[in-house]
Amino acid sequence: MRILVVNGPNLNMLGTREPEKYGSKTLAQINDEIKQFAFEKGIEVEFFQSNIEGEIVDKIQSAKGTFDGLILNPAAYTHTSVAIRDALLAVQIPTIEVHLSNVYSREDFRQTTYTAGVCLGQIAGMGDYGYKLAILALAEKLK
Ligand code: DQA
């Protein structure tokens, strides 16, 4: 089983970016942990981060036929991107949306997600552990 983990804008700044909301681990540390967690379950993971909406669309499109599942934290694009939603619809790869913070306890604009409605499900508010929960969820759904 191959899973692609895609992170959107500003998540490359994890570690120093608003640690009270997003934790103090860097994206590299989080990815290492996910990789190890997935490896123990016989799952191969690849990681992609971009601050650019079109690059995220391109990556999702290129995942078709290559990856069995997708874990996606679209970050701010969650609340704005019809293009990322349409890319998910186009490739039809089972996807779990992850947010480090509980977007439903934050500003009103964060409570709208353009992408979660076309995903298998969403995990929010569990910090970086949410990515591991998403690995477990995909492993269960895809078996
Ligand atoms: C986020 C929540 C978004 O609202 C925000 O724009 C982010 C991170 C999260 O993981 O909690 O950049 O996706």
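**Notebook: the ligand site and the overall fold**

I began with the shell around the ligand and sorted its residues by class: 5 are nonpolar, 4 are polar and 2 are charged. I note that the model is a predicted one.

I then listed the shell by name. Arg-17 and Tyr-22 belong to it, followed by Asn-73, Ala-75, Ala-76 and His-79. Further along the chain I found His-99, Leu-100, Ser-101, Val-103 and Arg-110 around the ligand.

Next I looked up polar contacts, for which I took a pair of N or O atoms within 3.5 Å. Which distance separates the side chain of His-79 from the ligand? I read 2.7 Å between an N or O atom of that side chain and an oxygen atom of the ligand. For Arg-110, I found a polar side-chain atom 2.8 Å from a ligand oxygen. At Ala-76 the backbone takes part: one of its N or O atoms lies 3.2 Å from an oxygen atom of the ligand.

I also checked how much of the ligand is covered. On its own the ligand has 320 Å² of accessible area, and the protein covers 98% of this. I asked where the ligand sits, and found it in the largest pocket.

Turning to the fold, I counted 5 helices and 5 strands in the protein. Read from the N terminus, the order of elements is β-α-α-β-α-β-α-β-β-α.

Last, I recorded the overall dimensions. Along the principal axes, the C-alpha atoms fill a box of roughly 35 × 30 × 25 Å. I compared the radius of gyration of the protein, 14 Å, with the value near 15 Å for a compact globule of 143 residues, and I conclude that the two agree.

Terms used
Residues are numbered from 1 along each chain as its sequence is written. This is a predicted model: local features need pLDDT of at least 70, side-chain atom pairs count only at pLDDT 80 or more; totals for chains, interfaces and linings use all residues. Side-chain values use heavy atoms; hydrogens and water are left out. A residue is near a molecule or strand if one of its heavy atoms lies within 4 Å of it. A polar contact is a pair of N or O atoms within 3.5 Å; within protein, one must be able to donate a hydrogen and the other to accept it, and residues adjacent in sequence count only if both atoms are side-chain atoms. Accessible areas come from the Shrake-Rupley method with a 1.4 Å probe; for residues, only the protein chains shown count as cover. On a 1 Å grid over the protein atoms alone, a cavity is a set of points where a 1.4 Å probe fits but cannot get out, and a pocket is an open set with protein on both sides within 12 Å along at least five of seven lines; lining residues have an atom within 4 Å of a point. A molecule sits in a cavity or pocket if more than half of its atoms lie within 2 Å of its grid points. Ala, Val, Leu, Ile, Met, Phe, Trp, Tyr, Cys and Pro count as nonpolar, Asp, Glu, Lys and Arg as charged, and the others, Gly among them, as polar. Helices (H or I, at least four residues) and strands (E, at least two) are DSSP runs, numbered from the N terminus. The radius of gyration is taken over C-alpha atoms; the globule rule is 2.2 Å times the number of residues to the power 0.38.
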